[in-house]
Amino acid sequence: LDVAYRRVEVPSATGVFSVVGARPLSWGGGIQATTKKSWALLKELYGVSTPEESTGVITDALLGAVGPAIVVAHQGPAGLGEEAASICGRDWTATPADFGDDDLRDCLASARSIGVPPAL
């Protein structure tokens, strides 16, 4: 099931929850790490061709969630630490860095600002 850039409502024994997919083809390292080829493929497959569109599509999917929302992403959001041991930290090179995604960070910040607490 491809949930990239969309929301799927899932029935359960206790009600409905939503699964929201973040940006596919993410290599981590934020928007600046996304190559022109990746953006071209995202445009072809999902109609998303800019960082702003990416943030907007994920945010819209999350804000339309029914019940609790689980966000599925290859990388976590940017802003969780720049150390190698950080949850989204780059630990495979001599120079550690925050390797989270900016669009996911911005989406989650928007959701939190209006009282929507997603689960990751």
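**A tour from the whole chain to Ser38**

Select the charged side chains first: the protein carries 9 positive and 14 negative ones, and the centres of these two sets are 4 Å apart. Keep in mind that this is a predicted model.

Next, show the whole protein as a cartoon. Three helices and three strands should appear. Followed along the sequence, they come in the order β-β-α-α-β-α. The radius of gyration is 15 Å, close to the 14 Å that the globule rule gives for 120 residues, so the protein is as compact as a globular protein of that length.

Now switch to C-alpha atoms alone. Along the principal axes, they fill a box of roughly 45 × 35 × 25 Å.

Turn on the surface. Its accessible area comes to about 6700 Å², and carbon and sulfur atoms account for 58% of that. Of the 120 residues, 39% are buried.

Hide the surface and consider the contacts. Among those with a separation of 6 or more, 53% join residues 24 or more positions apart.

Last, select residues 36-46, which form helix H1. Within this helix, pick out Ser38. Is Ser38 buried or exposed? Its relative accessible area is 9%, and buried means under 20%, so Ser38 counts as buried. To see what lies against Ser38, add Leu25 and Trp27 to the selection: Ser38 touches both, leaving aside residues up to four places away in sequence.

Note on methods:
Residues are numbered from 1 along each chain as its sequence is written. This is a predicted model: local features need pLDDT of at least 70, side-chain atom pairs count only at pLDDT 80 or more; totals for chains, interfaces and linings use all residues. Side-chain values use heavy atoms; hydrogens and water are left out. Helices (H or I, at least four residues) and strands (E, at least two) are DSSP runs, numbered from the N terminus. Buried means under 20% relative accessible area, exposed over 50%, partly exposed in between (1.4 Å probe, protein chains only). Contact means heavy atoms within 4.5 Å. The radius of gyration is taken over C-alpha atoms; the globule rule is 2.2 Å times the number of residues to the power 0.38. Accessible areas come from the Shrake-Rupley method with a 1.4 Å probe; for residues, only the protein chains shown count as cover. Lys and Arg count as positive and Asp and Glu as negative; His and the chain ends are not counted. The place of a charge is taken as NZ of Lys, CZ of Arg, CG of Asp or CD of Glu.
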